[in-house]
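Q: Please take me through one part of this structure closely. I would like to see how a helix sits among its neighbours and what holds on to what.

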Amino acid sequence: VPADLEAADVAEPLGPGRALVVHGTRLEAEDDRLLHALAAQAAFVLEARRLQGEAARATELAQANDLRAGLLQAVSHDLRTPLASIKATITSLRQRDVAWAPDQQAEFFATIEDETDRLTGLVESLLDMSRLQAGVLTPVVRETSLEEVLPAALADLGPRAKAVVVDVPEELPTVEADPQLLARVVANLVDNALTYSADTESPQLHAGAVAGQVLVRVVDRGPGIDPKAREDVFRP
């Protein structure tokens, strides 16, 4: 292939920055017309591909923007609630004309801690979603023990996890997984079970070896998901 168009015997433009070059012999008039027609077809195909690529990128950007707008709209109330609770609690503690008893102060501090944990969880979920959307959250799969994963998942839930009935044998085979992402999956499932279970029914976390695999189950007695809303489970 010649280094530049000047060195080519025949050069047919194929659009910005592209050309079809022929080197080695001069073409007869009939072959030259055929080459010109083929070049025109090639230019048309390349331009169509370029436009398709731009359209696909525009669609991806629009979908990403819709997702961000939907996420912000969905969590705006959830973000405001803990912030308002923290603000109200601190304002109460700073009142100089009220002498709060030690047990009342302890309750205020517990409220601030709980709401901060709740806010942290929401922010982490948003960051995870943004990383997933950007394609930068890559699983790091390795030999993983559930003794490493399940306690970490429950620890992420704070004091609420004490209500969970845990039934996990001490010795289980290791699994191929990303321990951090697996812990997040289990924590999300258990958190959902805690949210929707009745106070009289404790969620359960089971694990066991079944047919050469390790099965982890989160069991609750909540109301279940309306069949009409089940597709929503798979939406961000």
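A: The answer below starts with one helix and its core, then moves to a loop and to the salt bridges.

This is a predicted model, in which local features need pLDDT of at least 70, side-chain atom pairs count only at pLDDT 80 or more, and totals for chains, interfaces and linings use all residues. Residues are numbered from 1 along each chain as its sequence is written, and side-chain values use heavy atoms, with hydrogens and water left out.

Start with helix α3 (146-155). Helices here are DSSP runs of H or I with at least four residues, strands are runs of E with at least two, and both are numbered from the N terminus. The buried residues of α3 are Leu146, Val149, Leu150, Ala153 and Leu154. Seen down the axis of α3, these residues fall within an arc of 120°, so they line one face of the helix. That arc is taken from the directions from the helix axis to the C-beta atoms. A rule of thumb helps: an α-helix has 3.6 residues a turn, so residues three or four places apart point the same way.

Turn α3 around. The face away from its buried side carries the exposed residues Glu147 and Ala155. Buried means under 20% relative accessible area, exposed means over 50%, and partly exposed lies in between (1.4 Å probe, protein chains only).

What covers the buried side of α3? The cover includes β3 (142-144), β4 (165-167), α4, β6 and β7 (213-219). Contact means heavy atoms within 4.5 Å. At the start of α3, a side-chain oxygen of Ser145 comes to within 3.2 Å of the backbone nitrogen of Glu147.

Now the core. The largest nonpolar core has 15 residues. Such a core is a set of buried Ala, Val, Leu, Ile, Met, Phe, Trp, Tyr and Cys residues joined through side-chain atoms within 4.5 Å. Leu150, Leu157, Val186, Val190 and Leu205 have the most contacts inside this core. At least two core residues come from each of α3, α4 (179-196) and β6 (204-210). Look at Val190: leaving out residues up to four places away in sequence, Val190 touches Leu154, Leu157, Val164 and Val218.

Next, the loop between β6 and β7, where Ala211 is found. Ala211 has a positive phi of about 50°, although it is not a glycine. Most residues other than glycine have a negative phi. Ala211 is exposed, at 80% relative accessible area.

Last come the salt bridges. The whole structure has six. A salt bridge is a side-chain nitrogen of Lys or Arg within 4 Å of a carboxyl oxygen of Asp or Glu. One of them links α4 to another helix: Glu124 pairs with Arg184, with the closest N and O atoms 3.6 Å apart. Glu124 lies in helix α2 and Arg184 in helix α4, so the pair ties together parts that are 60 residues apart in sequence. Both are partly exposed: Glu124 at 36% and Arg184 at 25%.

Helix α2 (residues 102-134) also holds Glu115 and Arg118, three residues apart, about one turn. Their salt bridge has its closest N and O atoms 3.5 Å apart. Glu115 is buried at 15%, whereas Arg118 is partly exposed at 38%.

In helix α1 (residues 29-93), Arg50 and Glu54 are four residues apart, about one helical turn. They form a salt bridge with the closest N and O atoms 2.6 Å apart.

Terms used. A polar contact is a pair of N or O atoms within 3.5 Å; within protein, one must be able to donate a hydrogen and the other to accept it, and residues adjacent in sequence count only if both atoms are side-chain atoms.
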